[in-house]
Each structure stands twice: as C-alpha cells, then as structure tokens.
Number of protein chains: 2
Amino acid sequence: MPDDAPPLPEFDLYSFTPYRLAVAAKRTSEELARKYRERFGISIPEWRVLVHLAHSGKVSVRDIEARVAMEKYEVSRAAKRLREANLIERKENPTDRRLVILTLTPAGRKMMAELLPLAKSHQAALEARLGDAFEQLEAGLEQLLKEPE
Amino acid sequence: MPDDAPPLPEFDLYSFTPYRLAVAAKRTSEELARKYRERFGISIPEWRVLVHLAHSGKVSVRDIEARVAMEKYEVSRAAKRLREANLIERKENPTDRRLVILTLTPAGRKMMAELLPLAKSHQAALEARLGDAFEQLEAGLEQLLKEPE
DNA sequence: GAAGGTTCATAGCATCCGCAATGAAATCGC
DNA sequence: GCGATTTCATTGCGGATGCTATGAACCTTC
C-alpha cells in the first residue's frame, strides 16, 4: 500500500439513505417475522399472500404479484407452501384455465383471525414508540413509494 | 367455504409500516445494486465492506460486523469474494492472531475512487427527488434507528 | 380454424443466506 | 501455569431466493 495513494473521497455510510432504509427495514421486519415464524410458522412472503387473500377473497397469482410487491415466482412458491400447510386452497378458474383461484381454507381464516389483530397492535406499538417521528417517516415513505420506479 | 364464516378484521397492508419500509428499502437498494453489479460486479454486502474499508483503513471482521449492520459470516464471505477479486487484502494481526486485518488493494482503492462519487451523486439525486419529504424521512429513520434493537 | 404471439403459473438451476458447528487463539480463574 | 471459558473467523449444510426456461391456455389475425 504505497503512501502516495491519492486519498479517497469522504463517504459516510451511516448517512446514506439506501443504507439507512435497508437497516431500518430489516430490523422492523425481522422483529415481526420472528413472531410470525415462532407462533404460526409462516414467512414474510407467505404472510403477504395471506393478508392479500384475507382482504380480497379469491385471487390469482398475478393479482397478488401486482399488488403486494412480490415477483410471480415468489407468490407461486409461497402459495405452494401455504397449500401444503392447508392454509389456502387452489382451484382452476373455469373461464380462464391459465389462472388459479386462491382462497383461504377455514384453517387459514382461523389463523388470520388471530394474526391480523396481532399485526394491528404491532403497528400501534410502533406508532406509539416513534411518536411525532412516525408522521414524518410516513410522509417520507409516501413520497418515496408513490413514484413509479 | 361456509358462508357463516366470521368476517376477518380489516387490515390494509399498504399502510403497514414494516411493509412500506421493506418495499421502499428494496426499491432504493436495488436501483443502486444494479449499478454496482453491472459496472463493478459487486453485491451490497461487498459494497458495505468496501465502504467501511475505504473509510477506516485497516479493520477486522469484527469491526465491520459491529458497525455495518452485518453478521460476522456475511462479512467473512463478502471479504472472501473481494479477496478473490483482488480488491482487498487479508493479513494476520500480529498482536492478536485471531484477528484479521483487511485493507483495500490498489485495485480496490481505484475502484472506490470511482464508486464513491457515484454513490454521492446518487444520494444527492435522491434528496433532490424527495424534496421536503427527505428531511421528514430522515427524522423518522433517525428515531427508528437510534433504538437499541 | 390454424399459426404466431402473449399471458399465466410453475420448475430447474445456480447462487445466496442464516444458523449452528468448528477450529484456532487469547483470556480468565484458581 | 494450566485447564476452562470466551472471542474471532470461517465453513457445512439445509433451505430460501432470483433468474430463466418451460409448458399450458388464451388471444389475435388472417
């Protein structure tokens, strides 16, 4: 390492927004993911699919992909696992046989009836913990997320 | 699916903070990661290690772990790949032979000299794009990140 | 109504990731 | 000073992930 190497520009990772966002997201998600996993044995992709199903009733993989920020193959695989766990059911759409129809099973509904209130209280706790900063965070995220890509 | 199933609580994924953060982080990071990968062939963990090295000179795996929100094994593997790419160098610490000393090679310094300004301009563009929302986002993240766990 | 192109879901493959275990070196406790 | 514990870095392994290819069904156009 020669001493005459030109100095590198100063760069502070801790104030680099992509880094900060990644760390914040990881913490926030993992805290929750642990709960999901331990109590219900589901992962985050599976959770997203379930939430969408709880909200929308019957949907195809494509529907979920479009609305839940997941790739098609992620949805497909999550659905497979959920089917194996008997939490969702998969039928063929008779009017377009390329499409599938995913719905919660009774067991899936039961689980979501327990899980959703938990998620709500988690959200409430987060808001309380952040205080005023919560509104600010949301405003920032809003701006960031509303852009197409 | 019996009709007498009790209704599930309403739950809107799009306003669920962990979800929003995850999506925002993914977008922001991937946009950048694509650049890193295409132009320099490095991943995000590798980028973090490099930044820390550019900033701190000689460090051990443990140092990086503590300061860059990575697990030790992530650092270790990233370092291995970087070594294979001849971007960093690994020596033994003579006063404590458990520790390693990682430093940038000349090639690594050269790459960082190109990369860091790019990251800076990326950050500047992000700030400009977000406008006032940037300060708010930062305030929110600050609060979120300052908590221990 | 048949060929060409598109959309949908899934599977194959290689890589990545997280956890736990390993091994080497240092430190502690007596 | 020496065994027990702790710290540090790496690796093995199973499972997850991302990209691409595949195949089935549908739509379009003539």
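# A guided tour of two protein chains and DNA strands C and D

Begin at the bases of DNA strand C and select A:Lys72: an N or O atom in the side chain of A:Lys72 is 3.4 Å from a base nitrogen of this strand. The model on display is predicted.

**DNA strand C**

Keep DNA strand C selected and add A:Arg77, where a side-chain N or O atom is 3.5 Å from a base oxygen of the strand. Next, cross to chain B and select B:Arg77, in which an N or O atom of the side chain is 2.8 Å from a base oxygen of DNA strand C.

Now widen the selection to the protein around this strand. There are 18 residues around DNA strand C, and those that come nearest are A:Arg62, A:Ser76, A:Arg90, B:Tyr73 and B:Arg77. Of the strand's atoms that come within 4 Å of the protein, 67% belong to sugar and phosphate.

Which elements each supply at least two residues of this surface? They are α3 (61-67) and α4 (72-84) of chain A, together with α4 (72-84) of chain B. The most is given by α4(A), with 5 residues. Colouring the surface near DNA strand C by class will show 11 charged, 5 nonpolar and 2 polar residues.

**DNA strand D**

Move the selection to DNA strand D. Around this strand are 19 residues, of which A:Tyr73, A:Arg77, A:Arg97, B:Arg62 and B:Ser76 come nearest. Here sugar and phosphate make up 63% of the strand's atoms that come within 4 Å of the protein.

Three residues of chain B may be selected in turn:

- B:Lys72 has a polar side-chain atom 3.3 Å from a base nitrogen of DNA strand D.
- B:Ser76 places a polar side-chain atom 2.7 Å from a phosphate oxygen of DNA strand D.
- B:Arg90 has a side-chain N or O atom 2.8 Å from a phosphate oxygen of DNA strand D.

Two or more residues of the surface near DNA strand D come from each of α4 of chain A and α3 (61-67) and α4 of chain B. With 5 residues, α4(B) provides the largest share. By class, this surface comprises 12 charged, 5 nonpolar and 2 polar residues.

**A stop on helix α4 of chain A**

Select A:Glu74, which lies in helix α4 of chain A. Its relative accessible area is 27%, so A:Glu74 is classed as partly exposed. Then add A:Pro45: the two residues are 29 apart in sequence, while their C-alpha atoms are 7.1 Å apart in space.

**The paired strands**

In chain A, select strand β1 (residues 88-92) and β2(A), which pair in the antiparallel sense over 5 bridges. At one of these pairings, A:Ile88 has A:Leu104 of β2(A) as its bridge partner.

Why is strand β2 (residues 100-104) of chain A described as largely enclosed by the rest of the structure? The reason is that 5 of its 5 residues are buried. From β2(A), A:Val100, A:Leu102 and A:Leu104 point one way, A:Ile101 and A:Thr103 point the other way, and all are buried.

Turn to chain B, where strand β1 (residues 88-92) is joined to β2(B) by 5 bridges and the two run antiparallel. B:Arg90, already visited for its phosphate contact with DNA strand D, stands opposite B:Leu102 in β2(B). Strand β2 (residues 100-104) of chain B is mostly covered, with 5 of its 5 residues buried. One side carries B:Val100, B:Leu102 and B:Leu104, the other B:Ile101 and B:Thr103, and all of these are buried.

**Helices where the chains meet**

Select helix α1 (residues 17-40) of chain A. At 1.5 Å a residue, its 24 residues should span 34 Å, and the distance of 33 Å between its end C-alpha atoms agrees. A:Gly41 follows α1(A) and has a positive phi, near 70 degrees.

Within helix α1 of chain A, select A:Thr17. Is A:Thr17 buried or exposed? With a relative accessible area of 0%, A:Thr17 is buried. Leaving aside residues up to four places away in sequence, A:Thr17 touches B:Gln123, B:Leu126, B:Phe134, B:Leu137 and B:Glu138.

Finally, select helix α6 (residues 132-146) of chain B. Its 15 residues should span 21 Å at 1.5 Å a residue, which agrees with end C-alpha atoms 22 Å apart. The buried residues of α6(B) include B:Phe134, B:Leu137 and B:Glu138, which are among the residues touched by A:Thr17. To see what covers the buried residues of α6(B), display elements including α1, α5 (106-130) and α6 (132-146) of chain A, along with α1 (17-40) and α5 (106-130) of chain B.

Conventions:
Residues are numbered from 1 along each chain as its sequence is written. Chains are lettered from A and ligands numbered from 1 in the order in which they are written. This is a predicted model: local features need pLDDT of at least 70, side-chain atom pairs count only at pLDDT 80 or more; totals for chains, interfaces and linings use all residues. Side-chain values use heavy atoms; hydrogens and water are left out. Helices (H or I, at least four residues) and strands (E, at least two) are DSSP runs, numbered from the N terminus. The expected span of a helix is 1.5 Å times one less than its number of residues. A residue is near a molecule or strand if one of its heavy atoms lies within 4 Å of it. A polar contact is a pair of N or O atoms within 3.5 Å; within protein, one must be able to donate a hydrogen and the other to accept it, and residues adjacent in sequence count only if both atoms are side-chain atoms. Ala, Val, Leu, Ile, Met, Phe, Trp, Tyr, Cys and Pro count as nonpolar, Asp, Glu, Lys and Arg as charged, and the others, Gly among them, as polar. Buried means under 20% relative accessible area, exposed over 50%, partly exposed in between (1.4 Å probe, protein chains only). Two strands pair if DSSP finds at least two bridges between them. Contact means heavy atoms within 4.5 Å.
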